[in-house]
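I am keeping these notes while reading through a structure that is new to me. Each entry records what I looked up and what I found.

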Amino acid sequence: ANSGAEKQLLKKQAYLLAMHQEAGDERSLSENCVLLLAASMLVLDDIVEKGGTAGTDLGRDAIQGLIAHVRETAPKAMEEIDETLDLSEEVRSELEGIIKAHSS
C-alpha cells in the first residue's frame, strides 16, 4: 500500500500530466475539463505509475488517446462545454462515465 506522502506525490504527478502542454499546443476548455476530471477520478494515476509523467511520450500518448476517445464518443458534450463555457452536472456525469470506461 502507498503511504500518504506517496499518494500525494502521485496525485500531484497526475495533475501535472493533465495540465502539461508542449509549446504550441492549444487545448479547448472541454479538453482541459476531461483531463482534470480524469485526474480527479484517479484515472491518470496508472499512467503516472507506469512512467507516463508530464513531458514523456507515454504521458502525451495517453492524454491524446483519452481526449480523442472522449471527443469521438461525446462530441455534443464537448461542444456544449466549449460553447457555453460551463460544465453542467449532466455533461460532467456523461464525461465521467466515458473516462471510466476508457480507463478500464
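**Entry 1: the chain as a whole**

In what order do the elements of the chain run from the N terminus on? I read them off as α-α-α-α-α-α, and the tally for the chain is 6 helices and 0 strands. I note at the start that I am looking at a predicted model, so that what I write below is a reading of that prediction.

I then looked up the overall dimensions, and found that the C-alpha atoms fill a box of roughly 40 × 30 × 20 Å along the principal axes. The radius of gyration of the chain is 14 Å, which agrees with the value near 13 Å that a compact globule of 104 residues would have. Of the 104 residues, 32% are buried. When I took the contacts with a separation of 6 or more, I found that 64% of them come from residues 24 or more positions apart.

**Entry 2: helix α5 and its two faces**

Which residues of helix α5 are buried? In this helix, which spans residues 75-84, I found Ala 77, Met 78 and Ile 81 to be buried. They lie on the same side of α5, because they cover an arc of only 100° around the axis. On the face turned away from that buried side I found the exposed residues Lys 76 and Glu 83.

I next asked what covers the buried residues of α5. The cover includes α2 (29-40), α4 (57-73) and α6 (89-103), and I followed α2 further in the next two entries.

**Entry 3: α2 against α5**

I looked up how these two helices pack, and found an angle of about 115° with the axes 8 Å apart. On the α2 side the contact is made by Leu 29, Ser 30, Glu 31, Cys 33 and Val 34, and on the α5 side by Met 78, Ile 81 and Asp 82. Sorted by kind, the residues of this contact are 5 nonpolar, 1 polar and 2 charged. Two of the names were already in my notes, since Met 78 and Ile 81 are among the buried residues of α5.

**Entry 4: α2 against α6**

For this pair I found axes that come within 10 Å and cross at roughly 65°, and the crossing is right-handed. The contact is made by Val 34, Leu 37 and Ala 38 of α2 together with Arg 92, Leu 95, Glu 96 and Ile 99 of α6. These residues divide into 5 nonpolar, no polar and 2 charged. I noticed Val 34 here again, having listed it in the contact of α2 with α5.

**Entry 5: Glu 31 and its surroundings**

Is Glu 31 buried or exposed? This residue of helix α2 has a relative accessible area of 14% and is buried, given that the cut-off for buried is under 20%. Leaving aside residues up to four places away in sequence, I found that Glu 31 touches Glu 26, Ile 67, Arg 71 and Met 78.

I also checked Gln 64, which is found in helix α4 and is partly exposed, with a relative accessible area of 45%. Gln 64 and Glu 31 are 33 residues apart along the chain, and their C-alpha atoms are separated by 9.7 Å.

From Arg 71, one of the residues that Glu 31 touches, I went on to Glu 90. The two are 19 residues apart in sequence and 16 Å apart in space, C-alpha to C-alpha. Glu 90 has its place in helix α6 and is exposed, with a relative accessible area of 66%.

**Entry 6: two leucines with positive phi**

Most residues other than glycine have a negative phi, and with that in mind I looked up two leucines. Phi of Leu 42 is positive, near 70°, and this residue lies in the loop between α2 and α3 (45-49). Leu 42 is partly exposed, with a relative accessible area of 46%.

Where does Leu 85 lie? I found it in the loop between α5 and α6, following α5, with a positive phi of about 55° although it is not a glycine. At 63% relative accessibility, Leu 85 counts as exposed.

Conventions. Residues numbered from 1 in each chain as written. Predicted model: local features only at pLDDT ≥ 70, side-chain atom pairs only at ≥ 80, totals over all residues. Heavy atoms only, no water. Buried < 20%, exposed > 50% of the residue type's maximum accessible area, 1.4 Å probe, protein only. Helix = DSSP H or I, 4+ residues; strand = E, 2+ residues; numbered from the N terminus. Arc of directions from axis to C-beta. Contact = heavy atoms within 4.5 Å. Axes fitted to C-alpha atoms, helices over the stretch in contact; angles between N-to-C directions. Left-handed = near helix turned anticlockwise from the far one by under 90°. Nonpolar A, V, L, I, M, F, W, Y, C, P; charged D, E, K, R; others polar. Rg over C-alpha atoms; globule rule 2.2 N^0.38 Å.
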